[in-house]
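Welcome, and please open the structure in your viewer. We will go from stop to stop, with something to select at each one.

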Amino acid sequence: MSPAAAAASFPVIDFSPFFTTGGGENEVEKEEVINSIREACSDYGFFVAVNHGIPAEAMDRSLEMAHEFFDRPSEEKLKCTPPTSDTPVTTGYAKQPDHSPNKNEYFLMFEPASAFNVYPTSPAPFRGAVDEIYGGLLAMARLIESLMNRCLGVPEGLMEKFNDDRQWDIMTAFRYFAAAELETPDKKTGLYGHKDVNLMTLVLQDQVGGLEFQKDGEWIPITPIPHSLVVNVGDIIQVLSNNKFKSVNHKVNSPQGRDRHSFAFAYLIGFEKMVEPLAEVMKESKEEPKFSKFRYKDYFQLRVADLFNPPANLDDAVTINHYAIPPTVAAAAAPAN
Ligand SMILES: O=C(O)CCC(=O)C(=O)O
């Protein structure tokens with residue numbers, strides 16, 4: 001789908017002003033991008049980024065490598081698991097267990113320098129390709145974070161300073177299995193509806209489709225735009241922004257006829273960080289805090305437990321509302337001006 005046609009269904013933001021040189025005119029265009037991000041993050045909780053500076057060839061190469069890796073026999077893929085797992089999530093290859101509502105297999109890694117990563121030895125160019133795309137996605141996440149900082153009108157660099165630990169960002173390559181025509185609807189969930197337990201997620205997807213975001217109760221299919229990135233707000237930005245930006249429910253439907261491949265980059269914060277609405281955001285908007293303070297690690301662990309052992313009723317899964325302050329209590333807790 002072309003960016004212009006897609007823009008009728010969901011926000012598409014052109015980042016080229018940040019990747020081309022220009023005079024004062026460029027500053028005006030950059031400001032327009034920032035306004036579009038502000039609108040998209042508050043109205044939709046997501047947007048699609050085009051002309052974002054990650055080379056198209058690097059995106060194609062990483063998807064191609066993921067394709068080749070997942071096509072290898074199971075015994076070979078299963079060699080790609082760490083000897084022990086003392087990390088917040090386990091790196092390497094895994095397939096969702098049969099009882100899981102999620103019908104996919106995946107390869108997960110931390111930053112390329114992490115000693116916890118376990119890469120396959122074949123295809124040989126796999127490591128170079130995924131390390132390269134990791135670098136591109138991280139750079140883009142950092143740019144978007146700095147722009148969100150501006151959107152929120154808080155002092156320059158505040159979010160970047162708060163979010164200064166990069167060791168646990170997670171990139172996952174997914175293969176979603178094609179569903180057979182006659183399978184029951186519960187077998188057609190590539191990834192069940194969820195909001196992300198992070199600051200934001202950046203997704204690079206192939207042209208198969210299946211990713212959907214919810215807005216006002218309706219599911220919006222994100223028809224793939226070649227070489228675009230899908231960016232969504234996660235729970236932590238929702239808390240830091242005191243509900244100005246919304247973490248968004250999304251899911252992946254199992255594709256028909258052929259498998260779907262994607263890379264999802266989860267931009268996290270340090271696990272020991274205490275999270276609460278930024279004082280500067282509340283000062284700016286003169287609002288009361290809408291969430292109580294919590295340690296990121298505690299929330300992350302609750303969410304990961306649900307992910308690997310989903311409750312029988314998925315509506316019972318833990319969400320960020322676990323920490324929401326009911327409006328009447330919030331009003332009473334507000335600092336006196
Ligand atoms: O693979 C995708 O397109 C989406 C992945 C996703 O929803 C996630 O990582 O939270």
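Which residue takes a positive phi in the hairpin of E8 and E9? Keep in mind as you look that this is a predicted model.

**Stop 1: the hairpin**

Select Asp-216, and you have found the residue in question: its phi is positive, near 50°, in a hairpin with two residues between the strands. Asp-216 has this positive phi although it is not a glycine. Its place is the loop between E8 and E9.

Now add the two strands on either side of the loop. Strand E8 covers residues 211–215 and strand E9 covers residues 218–221; they run antiparallel and are joined by four bridges. For one pair that faces across the hairpin, pick Lys-215, which stands opposite Glu-218 in E9.

**Stop 2: the sheet of four strands**

Widen the selection to the sheet that holds this hairpin. Four strands make up this open sheet, in the order E6-E11-E8-E9, and their pairing is antiparallel. At the edges are E9 and strand E6 (189–194), each of which pairs on one side only. From one strand to the next, the twist averages 25°.

Next, look at E8 and E11. These two strands run antiparallel and three bridges join them. Select Glu-212 and look across to Lys-251, its bridge partner in E11.

In any sheet like this, strands pair through backbone hydrogen bonds, either parallel or antiparallel. Turning on the backbone atoms is a good way to follow the pairing.

**Stop 3: the sheet of eight strands**

Move on to the other sheet of our tour. Eight strands form this open sheet, in the order E1-E2-E10-E7-E12-E5-E4-E3, and the pairing is mixed. Strand E1 (12–14) and strand E3 (92–95) are at the edges with a single partner strand each, so one side of each has no neighbour in the sheet. Here the twist averages 25° from one strand to the next.

Zoom in on strand E5 (residues 170–176) and E12. They run antiparallel, with seven bridges joining them. Choose Met-171 to see it stand opposite Phe-265 in E12.

**Stop 4: two helices across the sheet**

Keep the eight strands on screen and add helix H3 and helix H5. H3 lies across strand E4 (104–109), E5, E7 and E12, and runs at about 115° to E12. H5 lies across E4, E5, E7, strand E10 (229–233) and E12, running at about 135° to E7.

How do the two helices sit with respect to each other? H3 (residues 56–70) and H5 (residues 126–151) pack at an angle of about 135°, and their axes are 9 Å apart. The two helices are therefore oblique to each other. The crossing in which H3 passes H5 is left-handed.

To see where they meet, select Ala-58, Met-59, Arg-61, Ser-62, Met-65 and Phe-69 in H3, then Phe-126, Ala-129, Val-130, Glu-132, Ile-133 and Gly-136 in H5. By class, this contact has eight nonpolar, two polar and two charged residues.

Before leaving the helices, step back along the chain to Pro-123, in the loop between E4 and H5. The peptide bond that leads from Ser-122 to Pro-123 is cis, with omega near 5°.

**Stop 5: around the ligand**

For the last stop, centre the view on the ligand. Which residues surround the ligand? Select Phe-174, Leu-191, Asp-196, Thr-201, Val-203, Gln-205, Leu-211, His-250, Val-252, Ser-262 and Ala-264. Strand E7 (200–205), strand E11 (250–253) and strand E12 (260–267) are the elements that give two or more residues to this shell. E7 gives the most, with three residues.

Finally, try colouring the shell by residue class: six of its residues are nonpolar, four are polar and one is charged.

Key. Residues are numbered from 1 along each chain as its sequence is written. This is a predicted model: local features need pLDDT of at least 70, side-chain atom pairs count only at pLDDT 80 or more; totals for chains, interfaces and linings use all residues. A residue is near a molecule or strand if its C-beta atom, placed from the backbone, lies within 6 Å of it. Ala, Val, Leu, Ile, Met, Phe, Trp, Tyr, Cys and Pro count as nonpolar, Asp, Glu, Lys and Arg as charged, and the others, Gly among them, as polar. Axes are lines fitted to C-alpha atoms, for helices over the stretch in contact, and angles run from 0 to 180 degrees between N-to-C directions. Angles under 35 degrees count as roughly parallel, over 145 as roughly antiparallel, 65 to 115 as roughly perpendicular and the rest as oblique. A crossing is left-handed if the near helix is turned anticlockwise from the far one by less than a right angle, and right-handed if clockwise. Two residues are in contact if their C-beta atoms, placed from the backbone, lie within 7 Å. Two strands pair if DSSP finds at least two bridges between them.
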